[in-house]
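Work through the exercises below with the sequence and the 3D view side by side. Try each task before reading its solution.

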Amino acid sequence: MNIKSQKDFFAGLLYAVVGGAFAIGATNYNIGTGARMGPGYFPLMLGVLLGLIGLYIMFKSLVMETADGDKIGKWAWKPLFFIIAGNLLFGVLLSGLPRFGIPGMGLIVAIYGVTIVVSKAGGEANIKESLILATILSTISYLGFIKLLNLQFPVWPSFITG
């Protein structure tokens, strides 16, 4: 078997694995029928669809010829590190780590934290642009999640709100 596009093959493999995992995980819920869908119906169908898309992309990578084999390049470690660190920081800032005595700082501070850290993943991090983006994201998130959807989670640090 000759892989003619490495990028497409491994992207398709990732889609197929994630789709299969979602489909298998959805079987833990009541699936129901097309007329009376249960909570597992949508994740099952989404997982199956994602898996099929992945298999199609893998098949296409084995059949369609590319100029240079579409080789996979080196791993971009810096962006990978900052994006993962930003997501972890968001969780810690939002909820805190009570086991270690770190209080939750709320949604607004978490959004500022994740925006600033993740902006370092790119080649040119500009703190002014990051702060403007964080302000826009926090405003939209506050209006959408807190005001419109009435979700109940901390918006501000606990030492401010009491």
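**Exercise 1. Place F22 in the predicted model: which element holds F22, and which residues is F22 in contact with beyond its neighbours within four places in sequence?**

Step 1. Find the element. F22 sits in helix 1, which covers residues 6–26.
Step 2. Check the exposure. The relative accessible area of F22 is 48%. Exposed needs over 50% and buried needs under 20%, so F22 is partly exposed.
Step 3. List the contacts. With neighbours within four places in sequence left aside, F22 is in contact with P43 and G47.
Step 4. Take a distance. F22 and Y56 are 34 residues apart along the chain, and their C-alpha atoms are separated by 18 Å.

**Exercise 2. Describe the fold of the protein: how many helices and strands are there?**

Step 1. Count the elements. The protein has six helices and zero strands.
Step 2. Read along the sequence. The pattern is α-α-α-α-α-α.
Step 3. Look at the extent. Along the principal axes, the C-alpha atoms fill a box of roughly 60 × 50 × 30 Å.
Step 4. Compare with a globule. The radius of gyration of the protein is 21 Å, whereas a compact globule of 162 residues would have one near 15 Å.
Step 5. Turn to the contacts. Take those with a separation of 6 or more: 63% of them are between residues 24 or more positions apart.
Step 6. Turn to the surface. The protein exposes about 11400 Å², and carbon and sulfur atoms supply 71% of that area. Of its 162 residues, 23% count as buried.

**Exercise 3. Analyse the largest pocket: which helix gives the most to its lining?**

Step 1. Start with the volume. The largest pocket has about 160 Å³.
Step 2. Name the lining. The lining residues are N87, F90, I111, V114, T115, V118, S119, E129, S130, L133 and L137.
Step 3. Assign them to helices. Helix 3 (77–95), helix 4 (106–119) and helix 5 (127–148) each supply at least two residues.
Step 4. Pick the main contributor. Helix 4 gives the most, with five residues.
Step 5. Sort by class. The lining has six nonpolar, four polar and one charged residues.

**Exercise 4. Take one lining residue, S130: is S130 buried or exposed?**

Step 1. Locate S130. Its place is in helix 5, and S130 is one of the residues lining the largest pocket.
Step 2. Apply the cut-off. Buried means under 20%, and S130 has 6% relative accessibility, so S130 is buried.
Step 3. Find the partners. Not counting residues up to four places away in sequence, S130 touches T115, I116 and S119. Among these, T115 and S119 also line the largest pocket.

**Exercise 5. Compare two residues in touch with each other, I146 and V155: where does each one lie?**

Step 1. Locate both. I146 lies in helix 5, whereas V155 lies in the loop between helix 5 and helix 6.
Step 2. Check the exposure. I146 has a relative accessible area of 14% and is buried. V155, at 13% relative accessibility, also counts as buried.
Step 3. List the partners of V155. Residues up to four places away in sequence are not counted: V155 touches M105, G106, L107, I108, Y142 and I146.
Step 4. List the partners of I146. Neighbours within four places are left aside here too: I146 is in contact with S141, L151, F153 and V155.
Step 5. Add distances. The C-alpha atoms of V155 and G104 are 51 residues apart along the chain and separated by 9.5 Å. I146 and I136 are ten residues apart in sequence and 15 Å apart in space, C-alpha to C-alpha.

**Exercise 6. Examine the backbone at N150: what is the phi of N150 near?**

Step 1. Locate N150. Its place is in the loop between helix 5 and helix 6 (158–161).
Step 2. Read the angle. Phi of N150 is near 55°, a positive value in a residue other than glycine.
Step 3. Set this against the general pattern. Most residues other than glycine have a negative phi.
Step 4. Check the exposure. The relative accessible area of N150 is 53%, and exposed means over 50%, so N150 is exposed.

Key. Residues numbered from 1 in each chain as written. Predicted model: local features only at pLDDT ≥ 70, side-chain atom pairs only at ≥ 80, totals over all residues. Heavy atoms only, no water. 1 Å grid on protein atoms, 1.4 Å probe; cavity = no way out; pocket = protein on both sides within 12 Å on 5 of 7 lines; lining within 4 Å. Points joined across faces, edges and corners; volume = space filled by probe spheres on them. Nonpolar A, V, L, I, M, F, W, Y, C, P; charged D, E, K, R; others polar. Rg over C-alpha atoms; globule rule 2.2 N^0.38 Å. Buried < 20%, exposed > 50% of the residue type's maximum accessible area, 1.4 Å probe, protein only. Contact = heavy atoms within 4.5 Å. Areas by Shrake-Rupley, 256 points an atom, 1.4 Å probe, with all protein chains shown as cover.
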